[in-house]
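Student: I would like a close look at a single part of this model, one strand and its surroundings. Please take me through what pairs with it and what packs around it.

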Amino acid sequence: AMQNLKPTTTSPPARVARLFLVLLWISEASLFGVSSFRLGERVRSFSLSFGSQDPAWGTDPTRRFQGHGVLRLRGGMRCVVQRVKSASVTVDGQAISRIGAGLCVLVGLSADDTPECSEWMAKKILAGKFFGSEDGKHWKRNVKEIGGEVLLVSQFTLYFRMKGPNLDFSKSMPPDAARQCYQEFVGKVREEMGDPEKVRDGQFGAMMDVELVNDGPVTVQIEYPEPPSQ
C-alpha cells in the first residue's frame, strides 16, 4: 500500500520549514565538530527526514516535518589517561593490581555507551603517543612501543553534573549494565594490547584506593564521540 502513496505538494510554509531544518542540522553539525557532512567516527548515526508521504499529514508544515532531521549522537565514553611510572589499586587494605611504567586509565561510561565506543576507545588509548623516544624526543611512542603496562579503573563519577552544590550522576550508565560494558572494555584493551598480562584493572563497584606516580605530569581526557576540542 505504501508504494502507491504519492508525495504531497510542498507548500511555501513547508519549504520555509524545510530550509529552517536544514540550517538547524548544519548548525548542529558545526557544534559537534562535523564538517562537510562527513560524520566519520564522531557520530554513530544520523537521521535526516523531511516528513512523511502519508496524505493524512497534508500540507501542514508543523505535522509534515514532525520527523525533522537532527544529528543523533549515540554512545558515550570518557577516559582520563595518566602517564605513570607506577600505579596500584588497593581494596580493603589488600593490593589487587599493580603496574610499572605505562598508563593509568579512569574509565567513565555514559548511559548511551555502545560496544563500538569500547573498541574505538581501546584503540585510541593504546595508539596514543604519550611517551618519549630513546633519544629524548617527546611524544614519539605509545604504551606498546615502550613495553609498558595499563591499569584500568572504573570511574562512574566522570559523568557528573552539578546541581547547585550537589553532584548528579544520572548521565552515567546504571551499575548492572556498566559492569558488563566495563568488563567488555577491559577485554577489548587486552585484545588490542596483544599481551593480556600487561593490562590490569581495579574492582568494579568497590571503594578503591588508587595510588600512582604521574610521570610529567601527563594527564589527558579522551571522549567518544570526539568533541571539537579533541
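Tutor: Ser-88 stands opposite Glu-211 in β10, and in β4 the bridge partner of Ser-88 is Arg-98. Before going further, note that this is a predicted model, in which local features need pLDDT of at least 70 and side-chain atom pairs count only at pLDDT 80 or more, while totals for chains, interfaces and linings use all residues. Residues are numbered from 1 along each chain as its sequence is written, and side-chain values use heavy atoms, with hydrogens and water left out.

Strands here are DSSP runs of E with at least two residues, and helices are runs of H or I with at least four, both numbered from the N terminus; two strands pair if DSSP finds at least two bridges between them. On that basis β3 and β10 pair in the antiparallel sense over 12 bridges, β3 and β5 do so over eight bridges, and β3 and β4 (residues 94–99) over five, again antiparallel. In the pairing with β5, Val-80 stands opposite Leu-106. β3 and β4 form a hairpin with two residues between them, and Asp-92 in that turn has a positive phi of about 55 degrees.

β3 is mostly covered, since 13 of its 15 residues are buried, where buried means under 20% relative accessible area, exposed over 50% and partly exposed in between, with a 1.4 Å probe and protein chains only. Arg-78, whose place is in strand β3, counts as buried at 18% relative accessibility. Leaving aside neighbours within four places in sequence, Arg-78 is in contact (heavy atoms within 4.5 Å) with residues including Leu-106, Met-121, Leu-158, Tyr-159 and Gln-221. The side chain of Arg-78 also reaches the backbone oxygen of Leu-158 at 2.7 Å. The C-alpha atoms of Arg-78 and Asp-113 are separated by 9.9 Å, although these residues are 35 apart along the chain.

Helix α3 (residues 115–127) belongs to the same picture: the buried residues of α3 pack against β3 (77–91), and also against β5 (102–109), β6 (149–154), α4 (175–193) and β10 (209–224). Among the buried residues of α3 are Trp-120, Met-121 and Ile-125, and Met-121 is one of the contacts of Arg-78. The helix has 13 residues and reaches 19 Å from its first C-alpha to its last, close to the 18 Å expected at 1.5 Å a residue, the expected span being 1.5 Å times one less than the number of residues.

Notes. Polar contact = N/O pair within 3.5 Å; in protein donor to acceptor, adjacent residues only side chain to side chain.
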